[in-house]
Amino acid sequence: MAPLRFLLALFTLAFVAPARADECDRLPPPSVTLKRFVEPVTLNTQFGYRELTHLGAAIARPGDQVLGLTRGTAVVRVSTRTPSYTDATRRWECASPQLTLSYGFSPMLVYVAKEFPVGSCAYDEIYRHEQRHVSTYQKHLESIEQELSETLNRRFATNRPWRGPAGQTAVQLQQELNERWLPYLKRQIERVDAAQALIDTPAEYARVMNSCQGEVKRGLR
């Protein structure tokens, strides 16, 4: 019976010996990095209130004259780096997407009608009103950051590299970003429009229009 015990021992040793390391384990784990950018605000005083009323027609109430206007364009920029390993047969690969998403408003423009010179009381009132819109844009970006981070990390920041047919990971990743995630990010950013509408109430419009002892109204003649 001794030879039999020896053979069993050899079989056991062969069974527990460590397998060759998986090359995929050498790749970094997939990751998502969010960057919120806040661009400097550009001030424009070259247009008259009639031109601003035309520019702001989509958001102004009928009959209102637009004395100042703040415009921020939602922008999302995505850069990807995808370290990968292709097996010897060239049939499959493992890849680890590294995503960096930058989001914000670009450009950020504040207009004050040229009828109200810089330094005048009317200019100051209109400019302060527009700064409320600028602040709302910036606070909105801060408010959605955690939700964006959690959603994107849940989808992309898996603990292990992705596996699939060779040459397909980067293509499928870009397609998914374009079709699903970039539109999603823009929708989340543009939710700010509801908060912006709360600033331009009839009461606020009347307050600005009647401020500075009639200086604003005189500028519209």
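This tour moves through the structure stop by stop, saying what to select and what is found there. Keep in mind throughout that the model is predicted.

**Stop 1: the cavity**

Begin with the enclosed space inside the protein, where a search of the whole structure finds one cavity of 30 Å³ or more. To see its walls, select Phe 37, Val 38, Glu 39, Val 41, Phe 105, Met 108, Gln 138 and Leu 141, which line the largest cavity. The space within this cavity comes to about 50 Å³. If you colour the model by secondary structure, you can follow where the lining comes from, since strand E1 (31–38), strand E6 (98–112) and helix H3 (121–156) each give at least two residues to it. Colouring by residue class instead shows a lining made of six nonpolar residues, one polar residue and one charged residue.

Keep Phe 37 selected and add Arg 77, whose charged end sits over the ring of Phe 37 at 4.9 Å from the ring centre.

**Stop 2: from strand E1 to helix H3**

Next select Arg 36 and Glu 145, whose side chains meet in a salt bridge with a distance of 3.2 Å from N to O. Arg 36 belongs to strand E1 and Glu 145 to helix H3, so that this pair links distant parts of the chain, 109 residues apart. How accessible are the two partners? Arg 36 is partly exposed, with a relative accessible area of 33%, and Glu 145 also counts as partly exposed, at 25% relative accessibility.

**Stop 3: aromatic rings**

Now turn to the rings, of which the whole structure holds seven aromatic pairs. A pair of aromatic rings is described by the distance of the centres and the angle of the planes. Select Phe 156 and Trp 181, and you will find an edge-to-face pair, with 5.8 Å from centre to centre and 65° between the planes. Because Phe 156 lies in helix H3 and Trp 181 in helix H4 (residues 169–190), this pair ties together parts that are 25 residues apart in sequence. Both Phe 156 and Trp 181 are buried.

Leave Trp 181 selected and add Tyr 184, whose ring centre is 5.5 Å from that of Trp 181, with the planes at 85°, so this pair is edge-to-face. Trp 181 and Tyr 184 are three residues apart in helix H4, and are therefore separated by about one helical turn. Is Tyr 184 buried or exposed? With a relative accessibility of 12%, Tyr 184 counts as buried, while Trp 181 counts as buried at 4%.

Adding Trp 162 to the selection completes a cluster, in which ring pairs link Phe 156, Trp 162, Trp 181 and Tyr 184. Before leaving this stop, show Arg 155 as well, because its charged end sits over the ring of Phe 156, 5.1 Å from the ring centre.**Stop 4: the largest pocket**

From the rings, move to the largest pocket, in which about 830 Å³ of space lies. Of the 35 residues that line it, the ones to select are Ile 59, Leu 69, Thr 70, His 133 and Asp 200, which lie nearest the centre of the pocket. Strand E3 (68–81), H3, H4, helix H5 (192–199) and helix H6 (202–209) each supply at least two residues of this lining, and the largest share, seven residues, comes from E3. By class, the lining of the largest pocket has 16 nonpolar, 10 polar and nine charged residues.

**Stop 5: salt bridges of helices H3 and H6**

The count for the structure comes to 10 salt bridges. Select Glu 125 and Arg 207, whose side chains meet in one of these, at 3.0 Å from N to O. Glu 125 lies in helix H3 and Arg 207 in helix H6, so the pair ties together parts that are 82 residues apart in sequence. Glu 125 counts as buried at 14% relative accessibility, whereas Arg 207, with a relative accessible area of 38%, is partly exposed. Extend the selection to Arg 128, Arg 132 and Glu 204, and you will have a network of salt bridges that links these residues with Glu 125 and Arg 207.

For another salt bridge, select Arg 61 and Asp 64, where the closest N and O atoms are 3.0 Å apart. Arg 61 counts as partly exposed, at 31% relative accessibility, and Asp 64 counts as buried, at 18%.

**Stop 6: a last look at helix H4**

Finish with Gln 175, which is found in helix H4 and counts as partly exposed at 42% relative accessibility. If you draw a distance from its C-alpha atom to that of His 54, the two atoms are separated by 38 Å, and the two residues are 121 residues apart along the chain.

How values were computed
Residues numbered from 1 in each chain as written. Predicted model: local features only at pLDDT ≥ 70, side-chain atom pairs only at ≥ 80, totals over all residues. Heavy atoms only, no water. 1 Å grid on protein atoms, 1.4 Å probe; cavity = no way out; pocket = protein on both sides within 12 Å on 5 of 7 lines; lining within 4 Å. Points joined across faces, edges and corners; volume = space filled by probe spheres on them. Helix = DSSP H or I, 4+ residues; strand = E, 2+ residues; numbered from the N terminus. Nonpolar A, V, L, I, M, F, W, Y, C, P; charged D, E, K, R; others polar. Phe/Tyr/Trp six-rings, centres within 6.5 Å; stacked < 30°, edge-to-face > 60°. Buried < 20%, exposed > 50% of the residue type's maximum accessible area, 1.4 Å probe, protein only. Lys NZ or Arg CZ within 6 Å of the ring centre and 35° of its normal. Salt bridge = Lys/Arg side-chain N within 4 Å of Asp/Glu carboxyl O.
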